[in-house]
Amino acid sequence: DYMLSTVALQNHFTLEIKEEDVARAIVDFPEYSAHLQHSWDKRSFALFNTSDGKVYPNYFGTYSAACIPAKVALHLMGASQSRAFPLTNIASWIAALLVAFFFLKRSRRAVLITLLLLMCVPVFPYYFWPAADMFLYA
């Protein structure tokens, strides 16, 4: 459902998810079309309705906003926009490693151990998952 909020932010700079955002998301992410339509039709646990009938995600849009540059770049290259999420996940992980390497004020040995620990955590299954788990870890 991060895909819906990514499209909403890209379309009208708000997190409100509208019918046209769902239609656009189905075009942009055809591999997930059934899931996106089901989430919209059934108002999955990741979406909520306000008292005035608007629909919003149950989470803040930072991850969705972070995915927009990769989504736009992939679109311009004619590649699958669904890869924007794994690319953002991997880029955030690499950024975390670089920050630890260049800015951690510890001995080189401590920095190396920190880097090894950052690389050997159980978040690997989430690299290619279109969700914020890896982004939040980084």
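A nonpolar core is taken here as a set of buried Ala, Val, Leu, Ile, Met, Phe, Trp, Tyr and Cys residues joined through side-chain atoms within 4.5 Å. In this predicted model, the largest such core has 20 residues, and those touching the most other members are Tyr 2, Leu 4, Ile 17, Phe 29 and Phe 85. Four helices each put in at least two residues: α1 (2-12), α2 (19-28), α3 (33-42) and α4 (62-77). The top contributor is α1, with five residues. A second core, separate from this one, has nine residues, with Trp 93, Ala 100, Val 121 and Met 134 among them. As a backdrop, nonpolar side chains tend to be buried together in soluble globular proteins.

Stepping back to the whole chain, there are seven helices and two strands. Their order along the sequence is α-α-α-β-β-α-α-α-α, which puts the two strands between α3 and α4. The C-alpha trace spans about 55 × 35 × 25 Å along its principal axes. Of the 138 residues, 40% are buried. The accessible surface comes to about 8,100 Å², and carbon and sulfur atoms account for 68% of that area. As for contacts, among those with a separation of 6 or more, 50% join residues 24 or more positions apart. On the charge side, the count is 11 positive and 10 negative side chains, with 16 Å between the centres of the two sets.

Back in the largest core, Ile 17 gives a good view of who meets whom. Neighbours within four places in sequence aside, Ile 17 is in contact with Leu 4, Ser 5 and Ala 8, and also with Val 22, Trp 40, Leu 47, Val 55, Tyr 56 and Pro 57. Leu 4, Ser 5 and Ala 8 fall within the span of α1, Val 22 within α2 and Trp 40 within α3. Val 55, Tyr 56 and Pro 57 make up the span of β2 (55-57).

Aromatic residues come next. The structure holds seven aromatic pairs. One of them joins Phe 29 and Phe 85: their ring centres are 5.6 Å apart and their planes sit at 55 degrees, so this pair counts as tilted. Phe 29 belongs to the loop between α2 and α3, whereas Phe 85 is in helix α5 (residues 84-103), so the pair ties together parts that are 56 residues apart in sequence. Both residues are buried, and both are also listed among the core members that touch the most others. The two rings are part of an aromatic cluster as well, formed by Tyr 2, Phe 29, Tyr 59, Tyr 63, Phe 85 and Phe 135.

Phe 85 turns up again around Cys 67, a residue of helix α4. With 0% relative accessibility, Cys 67 counts as buried. Sequence neighbours up to four places away aside, Cys 67 is in contact with Thr 6, Ala 84, Phe 85 and Thr 88. The C-alpha atoms of Cys 67 and Leu 87 are separated by 8.2 Å, with their positions 20 residues apart along the chain.

Some loop residues are worth a look too. Asn 58 is located in the loop between β2 and α4 and is partly exposed, at 45% relative accessible area. Its contacts beyond four places in sequence are with Phe 45, Ala 46, Leu 47 and Phe 48. Ser 44 is 14 residues from Asn 58 along the chain, and the C-alpha atoms of the two are 9.9 Å apart. Phe 13, in the loop between α1 and α2, is exposed, with 73% relative accessibility. Its backbone is also notable: Phe 13 is not a glycine, yet has a positive phi of about 60 degrees. Most residues other than glycine have a negative phi.

Finally, helix α5 also holds Ala 91 and Val 99. Ala 91 is partly exposed at 43% relative accessibility, and Val 99 is likewise partly exposed, at 47%. The C-alpha atoms of Ala 91 and Met 134 are separated by 9.9 Å, the two being 43 residues apart along the chain. Met 134 is one of the residues in the second core. For Val 99 and Glu 19, 80 residues apart along the chain, the C-alpha separation is 40 Å.

Note on methods. Residues are numbered from 1 along each chain as its sequence is written. This is a predicted model: local features need pLDDT of at least 70, side-chain atom pairs count only at pLDDT 80 or more; totals for chains, interfaces and linings use all residues. Side-chain values use heavy atoms; hydrogens and water are left out. Buried means under 20% relative accessible area, exposed over 50%, partly exposed in between (1.4 Å probe, protein chains only). Contact means heavy atoms within 4.5 Å. Accessible areas come from the Shrake-Rupley method with a 1.4 Å probe; for residues, only the protein chains shown count as cover. Lys and Arg count as positive and Asp and Glu as negative; His and the chain ends are not counted. The place of a charge is taken as NZ of Lys, CZ of Arg, CG of Asp or CD of Glu. Rings of Phe, Tyr and Trp (its six-membered ring) pair if their centres lie within 6.5 Å; planes under 30 degrees apart count as stacked, over 60 as edge-to-face and the rest as tilted.
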